[in-house]
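Biologist: I have a set of questions about this protein. Let us take them one at a time, with short answers.

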Amino acid sequence: MGMLEPELQHHNLVGMNWRDPRLEWNCSDYGGIDHIFVNRFTVWMPEVYPCESSEALHTANEQNIVIRLNSTGHLSTFLLYSAHFSCEFDVRRFPFDKQYCYYCFIFVYYDPNDELAFKMKIGETAYTYDTSEWSLGVYNTTYMEYIDPATFNMGLLYYSITLTRRPQFWIGLVITPTFLIGSLIIIGLFFGKAKDVINNGIGLGLVTMMSMMVIVGILAEAIAKSQFIPILGWYIIAEIVIIIYFGRVLCKITSSVVNTLCRE
C-alpha cells in the first residue's frame with residue numbers, strides 16, 4: 001500500500017465453483033471414478049477480471065491452473081490475482097484514521113441465446129487478512145448485472161472495504177517521544193538559574209525546533225499531500241506553541257524578579 005500516492009496492491013484468492021452439464025458421466029461406467037483433475041484450457045470456465053484497476057495480472061501461470069471436475073458436472077478451482085486499486089485517503093484523523101475503498105471484479109458470460117447459459121451466484125462471505133499497519137473489513141457487497149440480448153451478459157461485483165489504521169507505531173515513534181521532549185524542555189526552563197534562563201530558553205527552543213522538524217520530515221515522507229493538516233500535525237504544532245508560551249512566561253517572571261532585586 002502506497003501512502004504518498006494511495007494505491008492498494010491487492011492479492012486476491014478467488015474460489016470458483018460452477019456446473020457444466022456437458023461434462024457429466026456415470027461413475028459405474030468408469031470403475032467408480034467420481035472426479036478427475038483437468039487443465040484450465042481443456043474445459044470452459046467463467047472469466048473473472050479485476051476492473052477499475054491500474055494493473056492486474058495472474059499471480060500463477062494460467063497453464064498451471066488445475067480444475068477439479070466431478071462426475072456430476074461440478075467444477076471448482078482457485079485463481080490468484082494481483083491487482084492495483086486506487087483509493088482516495090482522508091488523512092485528517094491520521095494516525096487514527098479509517099479509510100473507505102472498494103474492489104471491483106467483472107464477470108463475462110456467454111450469449112444468453114446460446115444453448116448453454118451459465119449463471120453466477122456470489123458467495124456470502126469475503127475473507128480479508130489484516131496487515132501490520134491496517135485492519136481490513138468488508139462492510140458491503142454489491143452485485144450488478146447488465147443484460148444485452150444481442151451480445152452477452154456482464155456482471156460487476158463491488159466489495160466495499162474499510163481500512164482502519166493501527167496507530168501503535170505512530171504513538172511509539174512520534175506521539176510519546178514528542179510529549180517527553182516537550183515535558184523535559186518545560187521542566188528544564190523552570191529549573192535553570194535565573195541569570196541563565198534566557199540562554200537556557202534559547203538553547204532548549206532550538207532543540208525543540210530541531211526535534212520537531214525531524215518528526216515533521218518523517219510525516220511528510222509517510223503520508224500523502226493533503227489540503228488538511230492531520231491530527232498528528234496539530235498535536236506537534238500545539239506542543240511547539242505550549243513550549244513557546246511557557247518560555248515567554250518564564251522570561252517575563254525572571255525579568256521581573258531581576259529588576260526587583262536590582263532596585264533593592
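Biologist: Is C27 buried or partly exposed?

Modeller: Keep in mind that this is a predicted model. Buried requires under 20% relative accessible area. C27 has 22% relative accessibility, so the residue counts as partly exposed.

Biologist: How many disulfides does the structure hold?

Modeller: A pair joins C51 and C104, with the sulfur atoms 1.8 Å apart. Another joins C87 to C101, at 1.7 Å from S to S. The count for the structure is two.

Biologist: How far apart in sequence are the parts that C51 and C104 tie together?

Modeller: The C51 and C104 link is left-handed, with -70° about the S-S bond. C51 lies in the loop between strand 3 (47-50) and strand 4 (53-58), while C104 lies in strand 7 (residues 98-108). Both cysteines are buried. The pair therefore ties together parts separated by 53 residues.

Biologist: What is the handedness of the disulfide of C87 and C101?

Modeller: C87 sits in the loop between strand 6 and strand 7, and C101 in strand 7, so this pair ties together parts 14 residues apart in sequence. C87 is buried at 7% relative accessibility, and C101 is buried at 5%. The torsion about their S-S bond is about -70°, so the disulfide is left-handed.

Biologist: What is the pairing when the bonded cysteines are numbered in sequence order?

Modeller: One disulfide is formed by C51 and C104. The other cysteine pair is C87 and C101. In sequence order, the pairing reads 1-4, 2-3.

Biologist: In what order do the elements run from the N terminus?

Modeller: The protein has three helices and nine strands. The strands precede the helices along the chain. The order is β-β-β-β-β-β-β-β-β-α-α-α.

Biologist: Which residues have the most contacts inside the largest nonpolar core?

Modeller: In soluble globular proteins, nonpolar side chains tend to be buried together. Here the largest such core has 42 residues, and strand 6 (residues 74-86) gives the most to this core, with five. The residues with the most contacts inside this core are L8 and Y103.

Biologist: How many residues are in the second, separate core?

Modeller: The disulfide partners C51 and C104 belong to this second core. L156 and Y158 are also among its members. Its size is five residues.

Biologist: How far apart in space are T141 and Y103, C-alpha to C-alpha?

Modeller: T141 lies in strand 8 (residues 134-147). Its contacts beyond four places in sequence are L157, Y158 and Y159. T141 and Y103 are 38 residues apart in sequence, and their C-alpha atoms are separated by 9.8 Å.

Biologist: Is S160 buried or exposed?

Modeller: S160 is in strand 9 (residues 153-165). Leaving out residues up to four places away, S160 touches C101, Y102, G137, V138, Y139 and N140. Its relative accessible area is 12%, under the 20% cut-off. S160 is therefore buried.

Biologist: Which helices each supply at least two residues of the nonpolar patch?

Modeller: The surface patch is formed by F169, L173, V214 and I218, with about 340 Å² of accessible area together. L173 is in helix 1, and is partly exposed because its relative accessible area is 35%. The helices asked for are helix 1 (168-190) and helix 2 (197-222).

How values were computed. Residues are numbered from 1 along each chain as its sequence is written. This is a predicted model: local features need pLDDT of at least 70, side-chain atom pairs count only at pLDDT 80 or more; totals for chains, interfaces and linings use all residues. Side-chain values use heavy atoms; hydrogens and water are left out. Helices (H or I, at least four residues) and strands (E, at least two) are DSSP runs, numbered from the N terminus. Buried means under 20% relative accessible area, exposed over 50%, partly exposed in between (1.4 Å probe, protein chains only). Contact means heavy atoms within 4.5 Å. Patches are made of residues with over 30% relative accessible area and no salt bridge: like charges are joined within 9 Å, nonpolar side chains (Val, Leu, Ile, Met, Phe, Trp, Tyr) within 5 Å. Accessible areas come from the Shrake-Rupley method with a 1.4 Å probe; for residues, only the protein chains shown count as cover. A salt bridge is a side-chain nitrogen of Lys or Arg within 4 Å of a carboxyl oxygen of Asp or Glu. A nonpolar core is a set of buried Ala, Val, Leu, Ile, Met, Phe, Trp, Tyr and Cys residues joined through side-chain atoms within 4.5 Å. A disulfide is a pair of cysteine sulfur atoms within 2.5 Å.
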